[in-house]
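Student: I would like a close look at one part of this protein. Please take me through the third domain and its sheet, and then show me how the rest is arranged around it.

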Amino acid sequence: MSNMVTLTIDGLPATVPVGTSILDAAASIGIDIPVVCYHPHLTANGLCRVCSVDVGRRLQAAACVTAVSEGMVVNTRTKDVDKARRTTLEMLASTIDLSEAPHILDLLVEYDADPDRFVGMERRESPVHDDNPFYLRDYNKCINCWRCVQVCAEDAQYTFALNFDGRGFHTFIGTFMGDGMPDTTCVFCGQCVAVCPTNALKPKREFLLEQGVNPDDIFRQTRRGGKRRRKAAEE
Ligand code: SF4
């Protein structure tokens with residue numbers, strides 16, 4: 001039995017190994033399917049559905065988590081696919097601060113999405129967590145893509161400092177019992193900040209630079225133990 005699969009994507013033939021996702025199969029023949037929650041080095045979860053494509057079924061399939069099959073016919077830009085992406089992007093824009101998510105803002109333009117379509121609907125509101133010298137957590141900007149949780153868990157660090165909390169619309173990323181980061185298992189590796197697509201997780205130095213804080217002060221404030229050393233020097 002062959003371990004290769006042949007399918008058609010947007011009218012073009014593609015032959016890829018069994019188990020390949022539609023997303024990767026399309027990329028292998030130069031077709032770019034948009035993604036938001038997907039990250040190439042993390043386990044795909046099909047959460048945002050922006051990569052959904054037509055596979056000839058009643059429901060569209062998330063390309064990042066759907067494996068190809070022999071003879072499959074995939075269409076990545078039908079009217080219905082574009083409409084679904086537009087609506088998903090409009091819902092994201094209506095609830096979340098995307099001002100520091102340039103990739104998503106570009107998609108809003110590409111799919112002719114109206115960020116004000118659902119104006120007046122409930123927005124995600126959260127205090128900004130500033131509880132350590134290394135990074136801030138602003139969940140007003142969080143799209144629940146799960147990347148930070150994955151990279152903190154089995155995909156890289158095995159630290160498990162972050163996870164989902166809450167339910168439904170009020171689902172958010174949190175720590176165990178809402179503890180501040182210094183009281184969790186976090187080792188401040190910075191990988192969650194690196195994979196965050198919206199700047200919901202932001203290096204403290206970047207934040208302080210944006211606030212116009214003097215670089216020497218920034219360095220003092222963001223060195224590990226800086227507060228303790230400053231206190232000891234004053235005594
Ligand atoms: S904080 Fe960033 S990486 Fe984590 S779920 Fe939210 S948007 Fe994704």
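**Domain 3 and its surroundings**

Tutor: The centres of domain 2 and domain 3, taken over C-alpha atoms, are separated by 24 Å. Where the two touch, domain 2 supplies 8 residues and domain 3 supplies 8 residues. On the side of domain 2 that touches domain 3, 4 residues are nonpolar, 1 is polar and 3 are charged. This is a predicted model, and the protein is divided into domain 1 (1-77), domain 2 (87-123) and domain 3 (128-234).

Now the sheet you asked about. An open sheet is built from 3 strands in the order E6-E7-E10, and the pairing is antiparallel. Strand E6 (128-129) and strand E10 (201-203) are at the edges; each has a single partner strand, so one side of each is left without a neighbour in the sheet. As a general point, strands of a sheet pair through backbone hydrogen bonds, in either a parallel or an antiparallel sense.

Take the pairs one at a time. E6 pairs with strand E7 (residues 135-138) over 2 bridges, in the antiparallel sense. Within that pairing, Val128 stands opposite Asp138 in E7, and His129 stands opposite Arg137 in E7. The link between E6 and E7 is a hairpin that runs through 5 residues. On to the other pair: E7 and E10 run antiparallel and are joined by 3 bridges. There, Tyr135 has Pro203 of E10 opposite it.

What covers the faces of E7, and are its residues buried or exposed? Both faces are covered: Tyr135 and Arg137 lie on one side, Leu136 and Asp138 on the other, and all are buried. Two of these residues have already appeared in the pairing with E6: Arg137 opposite His129, and Asp138 opposite Val128.

Next, the ligand. There are 14 residues around the ligand, and those that come nearest are Cys142, Cys145, Cys148, Cys196 and Ala200. Sorted by class, the shell around the ligand has 11 nonpolar, 2 polar and 1 charged residues.

Cys148 appears again when we turn to the nonpolar core. The largest nonpolar core has 55 residues, and Ile22, Cys51, Ala63 and Cys148 touch the most other members. Ile22 can be followed further: leaving aside its neighbours within four places in sequence, Ile22 is in contact with Val53, Ala61, Ala63, Thr66, Val68 and Val74. Ala63 is therefore worth noting twice, as a contact of Ile22 and as one of the residues that touch the most other members of the core.Val74 leads to a second sheet. That open sheet also has 3 strands, in the order E2-E1-E5, with mixed pairing. E2 and E5 are the edge strands, and each pairs on one side only. Strand E1 (residues 4-9) pairs with strand E2 (residues 12-17) in the antiparallel sense over 6 bridges. Among the facing residues, Met4 has Pro17 in E2 as its bridge partner, and Thr8 stands opposite Pro13 in E2. E1 and E2 form a hairpin with 2 residues between them, and Asp10 in the turn has a positive phi of about 50°.

On its other pairing, E1 runs parallel to strand E5 (residues 73-74), with 2 bridges joining them. Here the bridge partner of Ile9 is Val74 in E5, and Val74 is also among the contacts of Ile22.

Technical notes:
Residues numbered from 1 in each chain as written. Predicted model: local features only at pLDDT ≥ 70, side-chain atom pairs only at ≥ 80, totals over all residues. Pairing = 2+ DSSP bridges. Helix = DSSP H or I, 4+ residues; strand = E, 2+ residues; numbered from the N terminus. Near = placed C-beta within 6 Å. Nonpolar A, V, L, I, M, F, W, Y, C, P; charged D, E, K, R; others polar. Core = buried A, V, L, I, M, F, W, Y, C linked by C-beta atoms within 7 Å. Buried ≥ 20, exposed ≤ 12 C-beta atoms within 10 Å, placed from the backbone. Contact = placed C-beta atoms within 7 Å. Domains from an automatic or database assignment.
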